[in-house]
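These are my notebook entries on a structure I looked through element by element. I wrote down what I looked up and what I found each time.

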Amino acid sequence: MDVYYATTTPGLEQHCAEEIRSLLQAEYVREVPGGVVFPCKHYTDVLKLKSVDCLSAFVTELRNLNTSDFLLQRLREYPMENIDDEHIPFQRALQLYYSIFTPKTNTVDFSSECLRYRVTCTRSGKHTFTSPQAAGNLGFGIGNRFTKWKVDLKNYELEFVLHIHQDTAVIGLCLAQELSNRNRAPPLFDVVTALRPSTAYLLCQYADIRPYMTVCDPMCGIGTIPIEGSLSHPNVKFIGGDIFMESIQQARENWRFSVSTAPTGTVLQKTDFFVWDASKLPLADKSVDVFICDLPFGMRHGTYRQTRKLMPKFMAEVHRSLTDDGKAILLTIESKQIRKNLNQMDGFPQLYEHSSTAVSIGGYIACLFDIRKVAKIANT
């Protein structure tokens, strides 16, 4: 059976693995840093996954690379190991690639083919080398293995992906990129967004949404979280709002586009989008079961100072609008500020940090908070 390597949002690999087990009925699903390795018979089934960013044919996972020099050395040497064995991971990955994109070809002698290739690398953790240096070392090893191949960074036929997390490296042969680039209409305005649909889907899975809940993203931008949530939870009411009119107009357009491209028979509740100020939400008290929000990082929108000024008022609105058993799933790089706001809140019941998870978003280490209301204490 073919083995795939799917990259996903680092920190949320568990929820990606759960989707794979549920949708594909796959066994032997294994989480690796920044992704999941799993077997599957049919490539078309794999393309249905919503939590995946990039899909590759799995080559190998190299562990316990304790020093940067040793890691680079292993990347150079690995492609040359067991060079005469047609069943080694490089061969299996290439065979899977050709079975998908050139299915009429029975056998391919990869060593004799004059192919153009490149290696791309993503990293997390502290290393003494750069991502291009790591990619170059693996590319050097691949060139030694397949001597007729040529490196071509632009007009390549094969792209090998390398993901390094601390002392672990995972190698794959790219089959499909930007799987998460979905449910977005052509832009009406020059609106910047960093949240991928795959991450939005995972946030909704993390929130453990149940039927007939009301879920709100109070800073929804172009509507990524409400749209992904509504497509995955047809019996849930999703609401989105943002202070920028252009973002809301794009969100509504994205929603219409998503409905028009949804598979036949898909049942969807209408998702509403509003222009509002997150510090003064026009929501009734105790009307929202779950808040899910990618809070502004102060990079593309606003500044750190503006974000910190907004948080106390926003948290007070979350407290007011949540049902007594409600929760808020908040993604932010301002973890200290969130905890400070929780400790300084007045009134009862207050909010508290139920749990938190470190997540990597666009190269930044963010914190995903699960915030709940403190249960009421019965009078004695």
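**Entry 1: two loop residues.** I began with Gln166, which I found in the loop between strand 7 and strand 8. I kept in mind that this is a predicted model. The phi angle of Gln166 is near 55°, and I noted this because it is a positive value in a residue other than glycine. Its relative accessible area is 42%, so I entered Gln166 as partly exposed. I then turned to Tyr28, which lies in the loop between helix 1 (13–24) and strand 2 (30–32). Tyr28 is also not a glycine and has a positive phi, near 60°. Is Tyr28 buried or exposed? Its relative accessibility is 73%, and since the cut-off for exposed is over 50%, Tyr28 counts as exposed.

**Entry 2: the sheet of 8 strands.** Next I traced an open sheet of 8 strands, whose order I wrote down as 2-3-1-4-8-7-5-6, with mixed pairing. Which strands are at its edges? They are strand 2 and strand 6, each of which pairs on one side only. I reminded myself that strands of a sheet pair through backbone hydrogen bonds, either parallel or antiparallel. I then followed strand 5 (116–124), which is joined to strand 7 by 8 bridges, the two running parallel. Along this pair I found Val119 opposite Phe160 in strand 7, and Ser124 opposite His165 in strand 7. Strand 5 also pairs with strand 6 (residues 150–151) in the parallel sense, over 2 bridges, and here Arg116 stands opposite Lys150 of strand 6.

I also looked for helices lying on strands. Helix 3 lies across strand 4 (54–62), strand 7 and strand 8, and runs at about 155° to strand 7.

**Entry 3: helix 5.** I checked the length of helix 5 (residues 131–145), which has 15 residues and, at 1.5 Å a residue, should span 21 Å; its end C-alpha atoms are 21 Å apart, so the expected span agrees with the model. The buried residues of this helix are Ser131, Ala134, Ala135, Asn137, Leu138, Gly139, Gly141, Ile142 and Arg145. I recalled that an α-helix has 3.6 residues a turn, so residues three or four places apart point the same way. What covers the buried residues of helix 5? The cover includes helix 3 (68–77), helix 4, strand 5, strand 7 (158–165) and strand 8 (168–176).

**Entry 4: the nonpolar cores.** I went on to the largest nonpolar core, which has 77 residues, and listed those with the most contacts inside it: Tyr4, Phe38, Leu75, Trp149, Leu162 and Ile292. Helix 4 (residues 89–101) gives the most to this core, with 7 residues. There is also a second, separate core of 25 residues, and Ile239, Leu281, Met315 and Phe369 are among them. I added a general remark, that in soluble globular proteins nonpolar side chains tend to be buried together. Taking Leu75 as an example, and leaving aside its neighbours within four places in sequence, I found it in contact with Leu62, Ala134, Asn137, Leu138, Leu162, Ile164, Ala169 and Ile171.

**Entry 5: a pair of helices.** Helix 6 (residues 197–206) and helix 7 (residues 224–232) pack with their axes 8 Å apart, at an angle of about 60°, and their crossing is right-handed. The contact is made by Pro197, Ala200, Tyr201, Leu203 and Cys204 of helix 6 together with Thr224, Ile225, Glu228, Gly229 and Ser232 of helix 7. I looked further at Thr224, which has a relative accessible area of 8% and is therefore buried. Not counting residues up to four places away in sequence, Thr224 touches Arg184, Leu195, Arg196, Pro197 and Ala200.

**Entry 6: the sheet of 7 strands.** Last, I traced an open sheet of 7 strands, in the order 11-10-9-12-13-15-14 and with mixed pairing. Strand 11 (272–275) and strand 14 (351–361) stand at the edges, and because each has a single partner strand, one side of each is left without a neighbour in the sheet. Within this sheet, neighbouring strands are turned by 15° against each other on average, direction ignored. I noted that strand 9 (residues 214–217) and strand 10 (residues 237–242) pair in the parallel sense over 4 bridges, with Val215 opposite Phe238 in strand 10. Helix 8 (residues 245–261) lies across strand 10 and strand 11, and runs at about 170° to strand 11.

Technical notes:
Residues numbered from 1 in each chain as written. Predicted model: local features only at pLDDT ≥ 70, side-chain atom pairs only at ≥ 80, totals over all residues. Heavy atoms only, no water. Core = buried A, V, L, I, M, F, W, Y, C linked by side-chain atoms within 4.5 Å. Buried < 20%, exposed > 50% of the residue type's maximum accessible area, 1.4 Å probe, protein only. Contact = heavy atoms within 4.5 Å. Expected span 1.5 Å × (residues − 1). Pairing = 2+ DSSP bridges. Axes fitted to C-alpha atoms, helices over the stretch in contact; angles between N-to-C directions. Left-handed = near helix turned anticlockwise from the far one by under 90°.
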